[in-house]
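Work through the exercises below with the model open. Each task is followed by its solution, step by step.

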Amino acid sequence: MAATTHGRRHDEHHGHTPGFVSRWLFSSNHKAIGTFYLIFAVIAGVAGGALSVAMRLQLLHPHNTVITSGQEWNTTIAAHGLIMIVFTVMPALIGGFGNWLIPLMIGAPDMAFPRLNTIGFWLLPPAFVLICIGLVSGESGASWSLYPSSSDIAYAFGPGVTYTLFALHLAGASFLLGSMNFIVTIFNMRAPGMTMHKMPLFVWGELVTAFLLVLAVPVLAGAIAAALFDSQNGGDPVLFQHPFWFFGHPEVYIMVLPVFGIISHVVSTFSNKPVFGYLGMVYAPIAIGVFGFIVWAHHMFVSGIDVDTGTYFMTVVMVIAVAACIGVFSWIATMWGGSVELKTPMLWAIGFIFLFTIGGITGVALGNSSEIVHAPYRVVAHFHYVLSLGAVFGIFAGFYYWIGKMTGHQYPEFWGKVHFWLTFIGVNLTFFPQYFPGLPGMPRRYSDYPAAFAGWNYVSSAGAFIGGLALLVFLYVCFRTFTSRAHLADNYWGKGATTLEWTQPSPPPHRTFMELPLVR
Ligand code: CU1
């Protein structure tokens with residue numbers, strides 16, 4: 001790859017011109033690594049999205065035979081969940097936007113440990129390959145939560161589950177390295193004057209997320225290490241569920257707290273107002289993070305938990321809802337009285353607020369310990385409102401907000417809006433009808449259902465196909481963005497110099513971040 005003007009000057013200093021491999025693949029620069037994470041997330045997201053279209057094809061009609069065996073079905077839902085959580089949402093929000101923006105926003109030249117950053121990223125592709133082996137072999141059919149005895153060697157068909165467990169160890173190591181890097185960078189490398197209470201809210205979101213990862217991922221590692229062993233030899237399936245959900249519930253906030261930061265920036269920019277209640281928007285996510293560690297057994301109300309313990313876990317869930325409401329209130333108060341401009345990033349942000357609220361409210365209902373229905377289908381609706389509609393909308397809000405600064409190319413506004421509306425209609429058609437067969441008792445994780453549930457399942461499948469179409473529109477948006485020749489103003493949202501929150505001594509380059517040298 002040809003070096004840019006800045007790059008050549010840098011290389012002359014070292015006396016050689018780096019080739020493509022050392023410039024990109026061996027790079028330890030936070031922008032290059034952030035770019036890798038984003039590209040990786042798009043590839044994994046397309047794979048995971050294709051799996052969801054396949055699942056909705058199977059559920060289009062009762063007694064369909066698109067996915068023929070139950071094991072094949074179980075393998076598909078396991079791969080979809082893991083790919084979307086571990087290889088799409090987390091890499092995009094944490095590795096992608098986090099690496100790109102944290103140093104720029106706090107005024108640091110790079111991450112504290114750049115080589116650790118390189119290793120952190122390169123642990124992910126092999127983990128993804130292992131997940132794909134579990135999928136293609138048709139053996140890893142224990143869902144994303146990997147409960148024994150489904151994941152037990154005695155019941156799993158071959159070594160696929162073992163590959164999946166090892167993939168999670170690798171991915172866990174990757175996220176641990178990344179989050180330790182974030183914490184050290186944010187605590188030690190802020191520019192003079194950048195106190196903790198002046199940090200941009202996106203950086204705060206990533207900081208709290210990094211702490212959740214450091215505290216939760218090792219517990220997951222313990223759980224899945226135990227799952228490698230045969231539960232028939234003295235193992236206890238419920239003993240797996242406790243550490244798994246001690247990780248699994250904070251994991252929800254790991255996927256959503258960076259989005260809180262993104263939404264605050266976007267809503268503030270397109271309302272032409274500073275965000276309402278900055279301190280509240282700092283401490284609410286911290287409270288969510290702390291309380292997130294003491295609610296895990298709300299996933300285990302049917303696992304044989306006693307009534308008093310269940311009541312405790314239910315009560316703390318309600319407390320978290322209060323903290324989450326502070327965020328929603330703050331964004332609405334930011335828009336209130338502002339001159340709101342409905343550019344594409346703002347559409348995604350408002351979409352997020354609306355859908356995250358629906359997901360949150362249904363979550364409070366599901367956290368009720370007096371409800372002892374095992375795995376009803378509306379759980380699927382609930383967590384997709386929080387994740388597929390919440391976290392993913394946040395990722396797209398960030399993409400449209402920052403892609404101009406990242407690449408020097410601006411996205412096409414018309415196609416960005418087409419992408420938004422198709423996705424908004426598609427995902428709501430997919431997931432809202434899932435509440436209806438879920439209420440009278442359609443269970444989740446089944447590849448078939450009684451004919452009585454056919455109507456809403458048909459609507460849900462139609463929505464998934466529209467969502468799939470929207471994903472293709474997104475790829476077209478990427479193509480149009482990268483081939484665009486339109487000149488981009490330095491501060492293209494045109495709302496004063498502080499809009500994009502860059503700090504000295506790491507100001508944005510004149511036109512694009514890519515003009516900076518990528519090789520250290
Ligand atoms: Cu939870």
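Buried means under 20% relative accessible area, exposed means over 50%, and partly exposed covers the range in between. Keep in mind that this is a predicted model.

**Exercise 1. Classify both partners of the salt bridge between glutamate 341 and lysine 343 as buried, partly exposed or exposed.**

Step 1. Find the contact. The two side chains, glutamate 341 and lysine 343, meet at 3.5 Å, N to O. The cut-off for a salt bridge is 4 Å.

Step 2. Take the acid. Glutamate 341 has 28% relative accessibility, so it counts as partly exposed.

Step 3. Take the base. Lysine 343 is also at 28% and is partly exposed.

**Exercise 2. State how many salt bridges there are in total, and place the one formed by glutamate 413.**

Step 1. Count. The total is two salt bridges.

Step 2. Identify the partner. Glutamate 413 pairs with lysine 417, with 3.9 Å between the closest N and O atoms.

Step 3. Place the pair. Both residues, glutamate 413 and lysine 417, belong to helix α14 and sit four residues apart, about one turn of the helix. In an α-helix there are 3.6 residues a turn, so residues three or four places apart point the same way.

Step 4. Check accessibility. Glutamate 413 is partly exposed at 25%. Lysine 417 is partly exposed at 30%.

**Exercise 3. Test the length of helix α14, then find what its buried residues pack against.**

Step 1. Compute the expected span. Helix α14 runs over residues 413-431, 19 residues in all, and at 1.5 Å a residue it should span 27 Å.

Step 2. Compare. The end C-alpha atoms of α14 are 27 Å apart, which agrees.

Step 3. List buried positions. Among them in α14 are Phe420, Phe424, Val427 and Phe431, along with the polar His419 and Asn428.

Step 4. Find the neighbours. The buried residues of α14 pack against α12 (344-366), α13 (378-407), α15 (435-438) and α16 (454-483).

**Exercise 4. Describe the protein donors of the copper ion and say which parts of the chain they tie together.**

Step 1. Name the donor atoms. They are ND1 of His249, NE2 of His298 and NE2 of His299, lying 1.8 to 2.0 Å from the copper ion.

Step 2. Read the spacing. The donor residues follow the pattern H-x48-H-H in sequence.

Step 3. Map two of them. Histidine 249 lies in helix α9 (residues 237-271), and histidine 299 in the loop between α10 (278-291) and α11 (307-335), so the pair ties together parts 50 residues apart in sequence.

Step 4. Compare their settings. Histidine 249 is buried at 6% relative accessible area, whereas histidine 299 is partly exposed at 29%.

Key: Residues are numbered from 1 along each chain as its sequence is written. This is a predicted model: local features need pLDDT of at least 70, side-chain atom pairs count only at pLDDT 80 or more; totals for chains, interfaces and linings use all residues. Side-chain values use heavy atoms; hydrogens and water are left out. Helices (H or I, at least four residues) and strands (E, at least two) are DSSP runs, numbered from the N terminus. The expected span of a helix is 1.5 Å times one less than its number of residues. Buried means under 20% relative accessible area, exposed over 50%, partly exposed in between (1.4 Å probe, protein chains only). Contact means heavy atoms within 4.5 Å. Donors are N, O and S atoms within 2.8 Å of the metal (3.2 Å for Na, K and Ca); water is not among the atoms, so sites may look incomplete.
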